[in-house]
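I opened this model to look up its sheets, its cavities and the iron site. My notes follow in the order I made them.

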Amino acid sequence: MPSSPQPPLDFDPLGPAFAADPHASYRRLRDLGRPYYYAPEDTWMLTRYADVRALALDETMLRSVDGLVSPEEQRALQVKAGMHDMPYHERYVQQNMLDIEGQKHDRQRKLVFRDFTPALVERQRPYIQALVDRLLGPLIETGHFDFVGDFAAHVPGHVIGHILGVPEADSPQLRRWSEHVVRYYNVGRTIEQKQQAETAVREFHAYLSGMIAERHKRPTDDLMSRLVTHEKAGRTDADETISLAMLILMAGHGSTIDVLGSGLHSLLRFPDQHERLRADPGLMRSAVHEMFRFESPLPYFHRFSTREALVAGQRFPRGTRFGLLYGAANRDPEQFENADHFDVGRQPVRHIAFGGGAHFCLGNHLARLDMEIIFTALNQRLRSIQLREEPTYKRGLSVRGPQALQIEVFPA
Ligand code: HEM
């Protein structure tokens, strides 16, 4: 642990000022030049790109304390984090692929990895394109709409649902469940949010159980049927099938909606960059990466050290919890030239918005394909987009995205 006391610093990730501009806080944290201890989470926050990346890649830094501490200590940590007394959540969320390690993690990841490779993801293009065209057409006719609530909110869930084999009509319900589960990961968790998260997982579980039973009887060509085949062959068990399907459905939802909203907002805040992208569609790939760098939609994850560790030049004992602030690392001026400038042609954009190492985001190609199709459609169909009011961003440390984005559109 650092021996000298920590200088006082204004860091309130739950407040409105942080939601309005987290980057000012991130800058203060980075400028400290050492990890910052955030007591409410009992976590040492890392904000410099080099430190965050090193920890994400370090195989001795784990997401779970399973096997690291005694069962009693583990239980105490779970209680401290408010992750106890929620049996469905403990069984299907706290044990999902994102929160397990080693062989068990690698075995599960291997089962679904192929479905999210660039070649397989690319096969979704016609479906995504048709969906985007169908949703966008009537909205453009109205002349103004909430880009987040009326449009973005409907795309990623339908796409990931389509891959798994969920009927389109059920997508809004899945989104509500996902939101309730994800919200409980934010800092400042409340009892009410805990109950909502547990209820969501219980209902989600019942829904997926029905779907899985159906696939056992009548397999189709969707990912859920492939998961059932793995289960029948003994490569997963029933709990893993549910938790894996739940994780993929949840992970595929909110974060893409958030970065669609913040991505368009960035283009509107930097009109010269918007013009540049419209004039040169070949920049779409780098523009989308830059959107992830500039406002990383999942800015905060954690790791536990499994041994005494030297982090950012300081010694920390085994069992220390570290916060990987991907959102801050992606604005580190030591890594990115002119880091606070949104540059659609930035090359290369070695951002860390999708994490790194064993848990590197499985859905990154899919999320980027959604974005590329959507921003291409906007460029082709609209001559201009105007912001109708400044958006308010969601509060907290774990998510970053506008609540709504009211725009006025002018067809090409
Ligand atoms: C805006 C879009 C997305 C962002 C920013 C994002 C970000 C991330 C990050 C940072 C991690 C690693 C967490 C850590 O370091 O502890 C991760 C893991 C994961 N993501 Fe994504 N994600 C996105 C979309 C998706 C989509 C569309 C899917 C759909 C399949 C997905 C599935 C997953 C899964 C399954 C993992 C866990 C991988 C593992 O544990 O091996 N993500 N994501």
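**Entry 1: the three-strand sheet**

I began with helix H8, residues 125-142, which lies across E4, E9 and E10 and runs at about 125° to E4. The model is a predicted one. A second helix, H15 (residues 254-269), packs on the sheet and touches E9 and E10. I noted its direction against that of E9: about 95°.

Next I traced the strands themselves. The sheet is open, with three strands in the order E4-E10-E9 and antiparallel pairing. E4 and E9 stand at the edges with a single partner strand each, so one side of each has no neighbour in the sheet. From one strand to the next, the twist averages 30°.

Then I went through the bridges. Strand E4 (residues 144-146) pairs with strand E10 (residues 406-411) over three bridges, in the antiparallel sense. Phe145 has Ile407 in E10 as its bridge partner. Asp146 stands opposite Gln406 in E10. On the E9 side, five bridges join E9 (residues 382-387) to E10, and the two run antiparallel. There I picked out Ile385, whose bridge partner in E10 is Val409.

**Entry 2: the five-strand sheet**

I moved to the other sheet on my list. Five strands form an open sheet in the order E1-E2-E8-E5-E3, with mixed pairing. Its edge strands are E1 (36-38) and E3 (61-62), each pairing on one side only.

I checked one pair in detail. E2 and E8 (residues 321-325) pair in the parallel sense over three bridges. Met45 stands opposite Gly323 in E8. Helix H3 (residues 49-57) packs on this sheet and touches E2, E3, E5 (300-305) and E8. The direction of H3 makes about 120° with that of E8.

**Entry 3: cavities**

How many cavities of 30 Å³ or more are there? I count three.

The largest cavity has a volume of about 60 Å³. Its lining includes Leu29, Arg30, Arg34, Met45, Arg48, Asp51 and Ala312. Met45 is thus a name I meet twice: it lines this cavity, and it stands opposite Gly323 in E8. Helix H2 (22-32) and strand E2 (43-46) each supply at least two residues of the lining. I sorted the lining of the largest cavity by class: five nonpolar, two polar and four charged residues.

The second largest cavity holds about 50 Å³ of space. Among its lining residues are Phe18, Ala19, Pro22, Tyr26, Pro299, Lys394 and Arg400. Helices H1 (16-20) and H2 are the elements that give two or more residues to this lining. H2 therefore goes into my notes for both cavities, by the residue counts given for the largest and the second largest. By class, the lining of the second largest cavity has seven nonpolar, one polar and two charged residues.

**Entry 4: the iron site**

Which protein atom is the donor to the iron atom of the ligand? I found a single one, SG of Cys361, 2.3 Å away. Where does Cys361 sit? I placed it in the loop between helix H18 (326-329) and helix H19 (364-381).

Technical notes
Residues are numbered from 1 along each chain as its sequence is written. This is a predicted model: local features need pLDDT of at least 70, side-chain atom pairs count only at pLDDT 80 or more; totals for chains, interfaces and linings use all residues. Side-chain values use heavy atoms; hydrogens and water are left out. Two strands pair if DSSP finds at least two bridges between them. Helices (H or I, at least four residues) and strands (E, at least two) are DSSP runs, numbered from the N terminus. On a 1 Å grid over the protein atoms alone, a cavity is a set of points where a 1.4 Å probe fits but cannot get out, and a pocket is an open set with protein on both sides within 12 Å along at least five of seven lines; lining residues have an atom within 4 Å of a point. Grid points are joined across faces, edges and corners, and a volume is the space filled by probe spheres set on the points. Ala, Val, Leu, Ile, Met, Phe, Trp, Tyr, Cys and Pro count as nonpolar, Asp, Glu, Lys and Arg as charged, and the others, Gly among them, as polar. Donors are N, O and S atoms within 2.8 Å of the metal (3.2 Å for Na, K and Ca); water is not among the atoms, so sites may look incomplete. Axes are lines fitted to C-alpha atoms, for helices over the stretch in contact, and angles run from 0 to 180 degrees between N-to-C directions. Contact means heavy atoms within 4.5 Å.
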